[in-house]
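Student: I should like a close look at one part of this structure, the coordination of the metal. Please also set that part within the chain as a whole.

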Amino acid sequence: MRDDRMNTTDLRHVVQKAVETAKIVDVHTHLYPPCCDKLLLRGIDDLLTYHYLTVETLRYGEIGPEKFFALPKNLQADIIWDVLFERRSPVSESCRGILTTLNSYGLDPTSESLGSIRTFFAELSLDEHVDLVLEKSGVKSLVMTNNPFDEEEEPHWGPGFIKDERFRTALRIDDMLNSPQAALKKLEQRGYNVASDTGGLDYPAMKKFLSDCADRIKPVYLAASLPPDFDWSEGSAGYGILRDVVLSYCEESGLPIALMIGVKKLINPVMGLGGDGVGFSPVEAVAKLCLENPHVKFLVTMLARENQHELAVTARKFPNLMVFGCWWFLNNPSLVEEITRMRMELLGLSFIPQHSDARVLDQLIYKWKHSKGIIADVLFDKYEDLARTGWQVSAEDIARDVEMLFSGNAKEQIGIK
Ligand code: RAT
Ligand code: ZN
């Protein structure tokens, strides 16, 4: 029995402080280091034209998607501001995120015009902006999404690309899994020897490509986003590539693979990045993968709410399965709370509760502020439940647990300090 008992008010205060000040390793974003300049989205127009907000705007039917997307970014932002903030209350999570972010800069969106908000951002240099956001959000390092077939990004993959240790790389291999023939064509164009007698599935060439990419950008993991019907059995889509290229490379290199499962791509293509949907997936595929590849580390997040319980139960059986984040359509307070509570009850502290998925630098501020508030509440409730059994946690215990949730577990998985 410990004698440093805390009353409820102190306990709440200690938990809140520990979470608020916790440094974060953000395991999945779409950000870029300052050296990529224009690739890194930032500021009010990028915040407002985030695809989560464009689709919310288009729902009101005041402008059609074709006409909307043909406009320049600042005019799209004007429309979004008008439709979602001026003429309605901005109650959705994505809208609230804009307000939290602006507040954190000391900007008051109820009195400030969009023009003066734009001026505030225009006066920040790129480096200042990055430093300010990382400081405000508490993000110590973050993992990007690096697609070797992205023609805008790949030319930046020089030595400068991996210099800034706050921005870690992840090799995104969707193209290789989803359209292997097209991927191999691109390999050929880049000078790889692709065997013609393999029906477009030259696994050694693909593996060599992965290994060359990894040598260039030193990823902390390989990653793929997968459809709801993703399966892992002989003959299923992408089975050979996953087994003989991706998992084989992961096993040899020791790099984990991050699987993001449950996205129905482009259920409405005209919405672009906002056009994807969600579907329920068979979690057995994840269990089989973990069982048959015991030396590979799997980081898994699933998009459907209905998959969360089975995924957490599956993770109890597999130490090589690390569940992470409340992804995309799940990153809403009610769902983050439900999922985090359930995961903690089933997995203790052995999960990575959240990632930001930020596409715009400034989003780190609100995505983490909102998530941290909920994770702190869940932790506090759990410690209170413990106190009712007579088990007291000390401030040191709390600091240790919080560190695991916000950075320790991630660092261990992806092998960074
Ligand atoms: O959250 C998002 O912005 C999505 O559009 C996707 O990028 C998703 O997170 C992914 O990584 O595929
Ligand atoms: Zn993402």
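Tutor: A contact means heavy atoms within 4.5 Å. Among contacts in the chain between residues at least 6 apart in sequence, 77% join residues at least 24 apart. The model is predicted, so local features need pLDDT of at least 70 and side-chain atom pairs count only at pLDDT 80 or more, whereas totals for chains, interfaces and linings use all residues. Residues are numbered from 1 along each chain as its sequence is written, chains are lettered from A and ligands numbered from 1 in the order in which they are written, and side-chain values use heavy atoms, with hydrogens and water left out.

The zinc ion (ligand 2) has three donors (N, O and S atoms within 2.8 Å of the metal, or 3.2 Å for Na, K and Ca; water is not among the atoms, so sites may look incomplete). These are NE2 of His28, NE2 of His30 and OD of Asp357, at 2.0 to 2.2 Å. Along the chain, the spacing of these donors reads H-x1-H-x326-D. His30 belongs to the loop between strand 1 and helix 2 (44-48), and Asp357 to the loop between helix 15 (333-347) and helix 16, so this pair ties together parts that are 327 residues apart in sequence. Helices (H or I, at least four residues) and strands (E, at least two) are DSSP runs, numbered from the N terminus. His30 has a relative accessible area of 16% and Asp357 one of 6%, so both count as buried (under 20%, with exposed over 50% and partly exposed in between; 1.4 Å probe, protein chains only).

The elements named at this site lead on to a sheet. Strands 1, 2 and 3 form an open sheet in the order 1-2-3 with parallel pairing (two strands pair if DSSP finds at least two bridges between them). Strand 1 (24-26) and strand 3 (167-168) stand at its edges with a single partner strand each, so one side of each has no neighbour in the sheet. Strand 2 (residues 139-143) and strand 3 pair over two bridges, and Leu142 stands opposite Phe167 in strand 3. Helix 16 (residues 363-389) lies across strand 1 and strand 2, at about 115° to strand 1 (axes are lines fitted to C-alpha atoms, for helices over the stretch in contact; angles run from 0 to 180 degrees between N-to-C directions). Helix 8 (residues 126-137) lies across strand 1, strand 2 and strand 3, at about 110° to strand 2.

Helix 16 also contributes to the largest nonpolar core (buried Ala, Val, Leu, Ile, Met, Phe, Trp, Tyr and Cys residues joined through side-chain atoms within 4.5 Å). Of its 144 residues, Ile257, Phe298 and Leu364 touch the most other members. Eleven residues, the largest share of this core, come from helix 16.

A second open sheet has parallel pairing and the order 4-5-6-9-10, with an average twist of 25° from one strand to the next. Strand 6 (residues 257-261) and strand 9 (residues 298-302) pair over five bridges, and Ala258 stands opposite Leu299 in strand 9.

Finally, the whole chain has 17 helices and ten strands. Buried residues make up 55% of its 417 residues.
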